[in-house]
Structure formats: C-alpha cells, structure tokens
Amino acid sequence: MNDNGGMESSSQFLELSDEDPATIYELFESHGWGDGLPLVAPTDERVTEMLSHVKASPEEVITVLPPRGGSATYRAVAVNAVLAGCKSEYFPIVVEAVKALGNQKINLRGVNTTTHPVAPLLIVHGSAVEELGFNSGLGTFGPGNRANATVGRAIRLVLLHVAGAVPGPGDAATQGQPSKYTYCIAENQKESPWEPYPMSLGLNSESALTIHCGENPHNFHDMESENIERILDKGASVMATFGVNNACISGGEWFIILCPEHALTASNQGWSREDVSNYLFEKARMPAGSFREQFNLLAWADWMKSLSDEELVPMTQKVENIKVLVSGGAGKHSCVVPSWGMTRSVTVPI
Amino acid sequence: MNMKIHTPEGELMDEVVELCSTAPLFSGGKIGVLENGKPNAGLLLTEIAEGLAERIDANFSIVTGKGERANAATACNPQVVGMLAEEVQLVLTGSAD
C-alpha cells in the first residue's frame, strides 16, 4: 500500500532524475503524454494532498472513459489535476466533472473521437465560484485565472491520458480547436438578472457544474442598441449558419452566453431567460430549401422534414435546446457556443 | 536528486476480449455491409465487399444502415445487429470518416 492507501504497482510510478521543470516536461514528451505545455510533477505528496479533499479510496473507479477504456480512478484524476496545476481545493470540482463526463447523455466516445472540433465546456455555478476563485467576470474564457485555466486543463489531461483522446489514435478532430487545451468558465450570478442557470432546470443546489460539449465560442457584439431585439438579432445571425454541426443535426443544443450588459438590457425590457430563448428560436432560421441545397444528409426531426422549401427552419428542433446564462464582464460582447450535435449537456450539483 | 512521480494513465479494465477465430472455409458464405452513415460509406464498403466476395468465392448479400434514428455517431440498433447475425457470416463497416 502507498501513503494514499492504494496499491502500488511499478507501472504507477516513474523515476524522475531531478525536480527541474524541464525534466518532467521532456519525460512526458518521450512517453507521448501531456498537452504540449509544461507540467507540474505529480509527486506522491502532491497527489496525496489532492486526494485529501475527497472521501474515497484512491483506486476507486469514478468512471471508465472511452475510447481507450481507461479507468478514471480518484488517483488517476488526482495525478492529472496535479499535472494541470490545480490547487488541491479544486479537486472535488474536477472529480464531479469526470463523473459527469461518464453520463451517457454526453456521448463521450463520440465527443472524443469525432472529426468535429468539440471540447467539453465546464460551467461552474453558485457559491463555489467565489469560494474557489473562479473568474465569472471580465475574461471568463481566459486567460489569466488559475481556477478556470487549471480545472479545464485537468479535464483535458484526463481525456488525453485516461480516455486516450490523443490526436490521431483517439481523437480524429480534423483541425482541433484551442478549447481542447482548457475550457472552463463560471456563471456570473452577481450580475445576472435571472435565477441561477441550474435552478432554471429545477436543480436547487448551492453549487453546480454544467458540461456542454461544443465548439469554440462564436462572438457577437452590439455596443449601441438599447433594445434587446436588435442585440439578439446579431446572436441569431451567428446561429443561422450552415457551417456548424447543429445546422444538419436538429437535436443539437446552443449555449448563449450573454454578457451582463446585454442581459440587463433584456431584463430592463421585462424579458426572462425563456423570452431570450424563444426569440432566438424564432429569429435564427433559414429556408428549408437552402438546407436541402447545402446538405445530402439532414438529421432533422420529423416535423422539420415535412416543411416546404420556402418555409423557415429553426437552428434546433425545440426551443428548450437554446440555453441562456450570463458570464463575462463589462463591454458588450456575448457569444454562442454550438454543440457537436450528438451530445446533450449535463448539469450536476457539487 | 531522484524522485518518484505518479503515471497519469488510468489502468485498463481487466476484461479480456478474444477475437473470434478466422472462418477456415468461407467459400459460399455471405458478406454484408453495415453502412455507418457517413457520405459515400455505402458506396466504398459495397465496392470492397464485392471485390472481397469475388476474391474468396463468397456472396455479397446485403447493405443496411444502422437503423431508425441511428447516425454516424451513435450505435447500431440491436435489431439490425441481430438481422446481420442471422443473414451473413461477415460484416464490413466503418468508423468515422
């Protein structure tokens, strides 16, 4: 047994000749591990400290991750959290994210192996945001905040090392995307005019975590409009594009991340979160005939298939697929995060 | 100073999956194609199946999709798997693109 109570096996440990950061960097590179960036050495002391924040046996399996079928034990996840540079108090969030990735709704095998550029976006909600120092304000997508950066990176390292989502053998993403390094934000509840996003789903928890597997954020800005319709028309124009998977897969979700000022404009007009979704559902549309010209295969809901070429088709088959929350700081930029298509977001208490 | 560090990979499950033995005499057997839903997959796999059937003196039998509501990113419907198991001895299919 090692100090963590887990069984030691020679394959669990490597010898490092010294503590020079370049040494582990080169050692991991020689094994084909890592994300290409420098790493923190996962010494037993650091891994033990990480594990002290959960009540579980180090060798207990949280979930098994495809495509490699690696066992995401608490130990393995802790090692990757150390490598990513996480503070040990972040570890429970990383664990809950790994658990959520095991949810069948995520379809992680598809997410990890598809040619499409898709990465799990982690969204932290509630009191954990302030307690752990996540950035929900200016620059929430990064860079510069340790919690956002390292929790997102820990998940990517788990996907690389445990799930085997390595470009080539385990990840066929044609071009990849920058959010495959790290992808973690926080809901800006302090500046949101609406109830917390998890509560809108019926989840009443002090803290929660959402995972949405999507593309990089697609920005839309409006610095001048004083009515929300004019602002959201720009968001709708970003959504109404043939280039995303959601264009030909009608079951896909859209996350609309509104900046506080855009959300306030909506709220000042008496708009709810649902009003924003409804508006985008109605406005982000293109003629059915245009879709048919662009695609040989359309994975549409049955009711959409029966539409005539002239009728307008929404960018998703039901309004509930358009999710709205507030994040970011001052300045009037919001964004849209389209999904991969064959995946559903998951929100869990933490 | 030497130091020990943990490896980052999770252990693989202990389950051992054995490959089925190669059919020794396939002559006269049936070959099917499970089209995975990607563009031209059916065309490519059918070409391969036809060529293979000719080469090993088998019969090219059937082309099927994964079933209703299944697509390139989801699993094949169990009914389709069952049908293929009954109808053919060899299935050609593809993953991703």
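Visitor: Is E253(A) buried or exposed?

Guide: In this predicted model, E253(A) is buried, because its relative accessible area is 2% and the cut-off for buried is under 20%.

Visitor: Which residue does the side chain of E253(A) meet in a salt bridge?

Guide: Here is the general idea. Side chains of opposite charge can pair when their charged atoms come close. In this case the partner of E253(A) is R344(A), with 3.5 Å from N to O. R344(A) has 27% relative accessibility and counts as partly exposed.

Visitor: Where do R344(A) and E253(A) lie in chain A?

Guide: R344(A) is found in the loop between strand 12 (333-338) and strand 13 (346-349), while E253(A) belongs to the loop between helix 9 (228-239) and strand 8 (254-258). The two are 91 residues apart in sequence, so their pairing ties together separate parts of chain A.

Visitor: Which salt bridge could I set beside that one, with both residues in helix 13?

Guide: Try K305(A) and D302(A), whose side chains meet in a salt bridge at 3.4 Å, N to O. Both sit in helix 13 (residues 302-305) of chain A, 3 residues apart, which is about one turn of the helix. K305(A) is partly exposed at 48% relative accessibility, and D302(A) is partly exposed at 47%. As for networks, E253(A), K323(A) and R344(A) are joined into one by salt bridges that share partners.

Visitor: What is the distance between the closest N and O atoms of D171(A) and K180(A)?

Guide: Those atoms are 2.9 Å apart, and the pair forms a salt bridge. D171(A) is buried, with a relative accessible area of 5%. K180(A) also counts as buried, at 12% relative accessibility.

Visitor: How many salt bridges are found over all chains?

Guide: A search of the whole structure gives 14.

Visitor: Let's stay with D171(A). Which residue of helix 5 is in contact with D171(A)?

Guide: N112(A) is one such residue; it lies in helix 5 of chain A. Leaving aside neighbours within four places in sequence, N112(A) contacts P66(A), P67(A), L159(A), A163(A), A165(A), G170(A), D171(A) and A172(A). With 2% relative accessibility, N112(A) is buried.

Visitor: A163(A) is in that list. Which residue of helix 7 touches A163(A)?

Guide: Have a look at V158(A), which lies in helix 7 (residues 146-161) of chain A. Not counting residues up to four places away in sequence, V158(A) touches L65(A), V77(A), N80(A), V98(A) and A163(A). V158(A) is buried, at 1% relative accessibility. There is also a C-alpha distance to check: V158(A) and A76(A) are 82 residues apart along the chain, and their C-alpha atoms are separated by 7.9 Å.

Visitor: Stepping back, what domains is chain A divided into?

Guide: There is domain 1 (10-116 + 143-175) and there is domain 2 (217-349). Their centres, taken over C-alpha atoms, are separated by 32 Å.

Visitor: How should I read the area buried between domain 1 and domain 2 of chain A?

Guide: The size of an interface is often given as the accessible area lost when the parts come together. For domain 1 and domain 2 of chain A the buried area is about 780 Å², with carbon and sulfur atoms giving 62% of it. On the side of domain 1, K105(A), I106(A) and H116(A) lose the most area to domain 2, together 52% of what that side buries.

Visitor: How many residues of domain 1 and domain 2 are in contact, and how many residue pairs are in polar contact?

Guide: In contact are 10 residues of domain 1 and 10 residues of domain 2. The interface has 4 residue pairs in polar contact, both at pLDDT 80 or more. Helix 4 (91-101) and helix 5 (108-113) of chain A are the elements giving two or more residues to the side of domain 1 that touches domain 2. By class, that side has 3 nonpolar, 5 polar and 2 charged residues. The salt bridge count between domain 1 and domain 2 is 0.

Visitor: What is the buried area between chain B and chain A?

Guide: That area is about 2,700 Å², and carbon and sulfur atoms give 55% of it. The side of chain B that touches chain A has 7 nonpolar, 6 polar and 6 charged residues. In terms of contacts, 19 residues of chain B meet 40 residues of chain A.

Visitor: How many salt bridges, and how many residue pairs in polar contact, are there between chain B and chain A?

Guide: The salt bridge count is 0, whereas 10 residue pairs are in polar contact, both at pLDDT 80 or more.

Technical notes
Residues are numbered from 1 along each chain as its sequence is written. Chains are lettered from A and ligands numbered from 1 in the order in which they are written. This is a predicted model: local features need pLDDT of at least 70, side-chain atom pairs count only at pLDDT 80 or more; totals for chains, interfaces and linings use all residues. Side-chain values use heavy atoms; hydrogens and water are left out. Domain bounds come from an automatic or database domain assignment. Contact means heavy atoms within 4.5 Å. Buried area is the accessible area (1.4 Å probe) that two parts lose on being put together, summed over both. A salt bridge is a side-chain nitrogen of Lys or Arg within 4 Å of a carboxyl oxygen of Asp or Glu. A polar contact is a pair of N or O atoms within 3.5 Å; within protein, one must be able to donate a hydrogen and the other to accept it, and residues adjacent in sequence count only if both atoms are side-chain atoms. Helices (H or I, at least four residues) and strands (E, at least two) are DSSP runs, numbered from the N terminus. Ala, Val, Leu, Ile, Met, Phe, Trp, Tyr, Cys and Pro count as nonpolar, Asp, Glu, Lys and Arg as charged, and the others, Gly among them, as polar. Buried means under 20% relative accessible area, exposed over 50%, partly exposed in between (1.4 Å probe, protein chains only).
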